[in-house]
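Me: Please take a close look at the pockets of this protein. I would like to know what lines them and what the surrounding chain is like.

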Amino acid sequence: MALFEGAGVALVTPFKENGEVNYEKLEEIVEEQIAGGTDSIIACGTTGEASTMTHEEHLDVIEYICRVTKKRIPVVAGTGSNCTETAVYLSAEAEKRGADGLLLVSPYYNKATQKGLMAHFTAVADAVKTPVILYNIPGRTGVTIKPETIAALCKDVDNIVGVKEASGNFSAIATLMSLSDGKVDLYSGNDDQIVPLLSLGGKGVISVLSNVAPRQTHDICASYFAGNVKTSASLQLKAIPLITELFSEVNPIPVKAAMNMMGKGVGPLRMPLTEMEPQNQEKLKRAMADYGIL
C-alpha cells in the first residue's frame with residue numbers, strides 16, 4: 001500500500017523577520033492544509049528551505065509537524081543529503097521523531113554514479129524501517145537517477161517504495177513504469193504534469209501549488225482516481241497559468257510571495273534566496289486573481 005495517494009504538499013517553512021522558524025504560523029498552515037483536503041505533508045524538502053536549516057532546526061520542524069498532524073495524514077520528511085552519513089543521521093532521527101515516510105533527494109554536487117546512487121540509497125534505507133521515496137530532480141542535483149536504478153532499488157530494498165519524479169522526461173518515466181512490475185509508487189514532482197504522470201500509473205503529486213490551492217490540487221488527483229479524467233485534465237489545465245508564475249523564479253521564492261499576498265504571513269526567505277522581483281510579483285498576483293485565490 002502506498003504511503004499516500006493524491007496531493008502531498010511540499011510545505012513551506014514560515015520564518016519570522018529575524019530568520020527564526022515561526023512555529024505558531026507553521027501550525028496554522030498545517031491545519032489549513034489538512035482542512036483543505038491535502039493527502040500528505042512533505043516537511044523540509046526543497047520548498048521548505050531545508051538546505052538553509054541547521055540539522056537541529058530541520059529535525060525540530062519535522063517533529064513539530066508530526067506533533068501537529070497527529071497521524072491524521074502522513075508526514076513525509078525530507079532527509080536527503082549529498083553526504084551518506086548525514087542522510088543516515090537525518091533519516092534515523094526523523095523516524096524517531098514520528099515521520100511516516102522519508103524523501104531522499106539524489107546526492108547533489110558530488111554527482112554519484114548509478115553504482116554510487118545504489119549504494120547511497122541502500123545504506124540510508126537499511127538504517128531505518130520507515131518507507132523511503134526517492135527524489136529525482138536532475139535540474140537541482142546535476143545527476144539523474146536512471147529508470148533501471150529506481151526500479152532495482154524498489155524491487156531489492158524492502159522499504160524503498162517509490163520516487164518523486166521531477167525530471168520532466170516522460171520517456172524515462174514510461175520506461176521506469178514498464179520495468180517496475182507494480183513495485184514503484186510514482187509521484188509527480190512537477191505541478192504542470194500531474195495528470196500525465198497519473199496516466200502512467202502515478203499515485204499522486206508532491207506539490208508546490210498545494211500551498212496556495214490545496215483543495216484544487218487534491219481534486220485534480222481525486223477526480224482522476226474517480227474515473228473523471230476529463231474533469232481532472234480540465235482542473236490541471238486551469239491551473240497552468242498560475243503554476244507558470246509559481247515557477248517564474250526559483251522555488252520557493254514565488255510560492256512564499258503568493259502566500260504572503262494571501263495574508264498567510266509566512267515571512268521572508270533565507271539567503272541566498274531573495275525576495276521576488278516586483279514585475280514578477282505583479283504577474284503572479286494577476287495569475288492568482290484569475291485563478292480565484294486572491
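The reply below goes through the pockets and then the chain around them.

Reply: The model is predicted. The largest pocket holds about 650 Å³ of space. Its lining is made up of 28 residues, and those closest to the centre are Gly45, Thr46, Ala50, Ser51 and Tyr108. Four elements each give two or more residues to this lining: α2 (55-69), α3 (84-96), β4 (101-105) and α5 (138-141). By residue class, the lining of the largest pocket has 13 nonpolar, 13 polar and two charged members.

Two loop residues with unusual backbone angles can be described here. Glu49 sits in the loop between β2 (40-43) and α2. Its phi is near 60°, a positive value in a residue other than glycine. Glu49 counts as buried because its relative accessibility is 2%, and the cut-off for buried is under 20%. Lys111 is in the loop between β4 and α4 (114-126). Lys111 also has a positive phi, near 50°, and is not a glycine. With 51% relative accessibility, however, Lys111 counts as exposed, since that class begins over 50%.

The second largest pocket has a volume of about 320 Å³. It is lined by 19 residues, and nearest its centre are Ile137, Gly189, Asn190, Phe247 and Asn251. This lining divides into eight nonpolar, seven polar and four charged residues. Asn251 also takes part in a cis peptide bond, the one leading to Pro252, with omega near 10°. Pro252 belongs to the loop between α10 (229-246) and α11 (253-261). Another cis peptide bond runs from Met271 to Pro272, with omega near 15°. Pro272 lies in the loop between α11 and α12 (278-291).

As for the chain as a whole, its secondary structure consists of 12 helices and eight strands. The radius of gyration is 18 Å, which agrees with the value near 19 Å for a compact globule of 294 residues. The C-alpha trace spans about 45 × 45 × 35 Å along its principal axes. Of the 294 residues, 55% count as buried. Among contacts between residues at least 6 apart in sequence, 71% join residues at least 24 apart. The accessible surface comes to about 12,200 Å², with 52% of it belonging to carbon and sulfur atoms.

Terms used. Residues are numbered from 1 along each chain as its sequence is written. This is a predicted model: local features need pLDDT of at least 70, side-chain atom pairs count only at pLDDT 80 or more; totals for chains, interfaces and linings use all residues. Side-chain values use heavy atoms; hydrogens and water are left out. On a 1 Å grid over the protein atoms alone, a cavity is a set of points where a 1.4 Å probe fits but cannot get out, and a pocket is an open set with protein on both sides within 12 Å along at least five of seven lines; lining residues have an atom within 4 Å of a point. Grid points are joined across faces, edges and corners, and a volume is the space filled by probe spheres set on the points. Ala, Val, Leu, Ile, Met, Phe, Trp, Tyr, Cys and Pro count as nonpolar, Asp, Glu, Lys and Arg as charged, and the others, Gly among them, as polar. The radius of gyration is taken over C-alpha atoms; the globule rule is 2.2 Å times the number of residues to the power 0.38. Buried means under 20% relative accessible area, exposed over 50%, partly exposed in between (1.4 Å probe, protein chains only). Contact means heavy atoms within 4.5 Å. Accessible areas come from the Shrake-Rupley method with a 1.4 Å probe; for residues, only the protein chains shown count as cover.
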